[in-house]
Amino acid sequence: MPYSISLSESGEIINLIYSGTVSPKELYNALIEAVALAKEYTIKLFFADCSEMVGGHSVFDLYALISLYKSVGVPGGFKEALILPQMQSTAEDVRFYETACFNQGYNVKIFENSEKAVEWLIK
């Protein structure tokens with residue numbers, strides 16, 4: 001499976017770790033699973049480590065995913081920190097995702113390392 005989802009040790013953050021090729025269907029499944037966990041534990045903070053992701057989807061797939069956020073129940077006050085992929089073309093897709101989320105009113109930000117990302121999330 002090209003993604004895993006877990007709670008942080010503190011129980012305040014949902015961790016998503018992506019690796020390899022992630023298809024549009026797998027992105028959707030990760031979203032559904034993460035939102036279910038967020039609802040179960042009343043969590044609004046998400047950390048997505050995309051450093052090992054190498055593609056498998058397009059910017060159109062990402063935009064379609066964002067358009068589903070309200071209908072699948074992404075929590076109000078949602079905040080997501082992202083770690084960029086090492087692969088440049090995939091990193092550009094993640095930058096697009098950050099901008100598209102911002103344009104839709106979602107608080108999503110890219111970071112170079114997990115320490116800064118988590119610090120921003122819990123502020």
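1. Start with the hairpin. E1 and E2 form it, with five residues between them. Gly 11 sits in the turn and has a positive phi of about 80°. Keep in mind that this is a predicted model.

2. The two hairpin strands run antiparallel, and five bridges join E1 to E2. One pair to look up on screen is Tyr 3 and its bridge partner in E2, Tyr 18. Tyr 18 comes back below, in the cavity.

3. Next, E2 and E3. Eight bridges join these two strands, which run parallel. Ile 13 has Leu 45 in E3 as its bridge partner. In general, strands of a sheet pair through backbone hydrogen bonds, and the pairing can be parallel or antiparallel.

4. At the other end of the order, strand E4 (residues 79-83) is joined to E5 by five bridges. E4 and E5 run parallel. Glu 80 in this region stands opposite Val 108 in E5.

5. Now the whole sheet. What is the order of its strands? The order is E1-E2-E3-E4-E5, in an open sheet of five strands with mixed pairing. Strand E1 (3-7) and strand E5 (107-111) are the edge strands, each pairing on one side only. Neighbouring strands are turned by 20° against each other on average, direction ignored.

6. Helix H1 (residues 24-41) packs on this sheet. H1 touches E1, strand E2 (13-21) and strand E3 (45-55). The direction of H1 makes about 5° with that of E1. Helix H5 (residues 114-122) also packs on the sheet, touching E2, E3, E4 and E5. The direction of H5 makes about 175° with that of E4.

7. How many cavities of 30 Å³ or more does the count give? The count comes to one. The volume of the largest cavity is about 260 Å³. Its lining has 22 residues. Nearest the centre lie Tyr 18, Leu 65, Tyr 69, Glu 80 and Tyr 97. Two of these names were met above: Tyr 18 as the bridge partner of Tyr 3, and Glu 80 opposite Val 108.

8. Which elements supply the lining of the largest cavity with two or more residues? They are E2, H1, E3, helix H2 (59-67), E4 and helix H4 (88-103). H1 gives the most, with five residues. By residue class, the lining divides into 19 nonpolar, one polar and two charged.

9. Last, the charge pairs. The count comes to one salt bridge. Glu 92 forms this salt bridge with Arg 95. The closest N and O atoms are 3.1 Å apart. Why can the pair be understood from helix H4? Glu 92 and Arg 95 are three residues apart in H4, so about one helical turn separates them. Side chains of opposite charge can pair when their charged atoms come close.

Methods
Residues are numbered from 1 along each chain as its sequence is written. This is a predicted model: local features need pLDDT of at least 70, side-chain atom pairs count only at pLDDT 80 or more; totals for chains, interfaces and linings use all residues. Side-chain values use heavy atoms; hydrogens and water are left out. Two strands pair if DSSP finds at least two bridges between them. Helices (H or I, at least four residues) and strands (E, at least two) are DSSP runs, numbered from the N terminus. Axes are lines fitted to C-alpha atoms, for helices over the stretch in contact, and angles run from 0 to 180 degrees between N-to-C directions. Contact means heavy atoms within 4.5 Å. On a 1 Å grid over the protein atoms alone, a cavity is a set of points where a 1.4 Å probe fits but cannot get out, and a pocket is an open set with protein on both sides within 12 Å along at least five of seven lines; lining residues have an atom within 4 Å of a point. Grid points are joined across faces, edges and corners, and a volume is the space filled by probe spheres set on the points. Ala, Val, Leu, Ile, Met, Phe, Trp, Tyr, Cys and Pro count as nonpolar, Asp, Glu, Lys and Arg as charged, and the others, Gly among them, as polar. A salt bridge is a side-chain nitrogen of Lys or Arg within 4 Å of a carboxyl oxygen of Asp or Glu.
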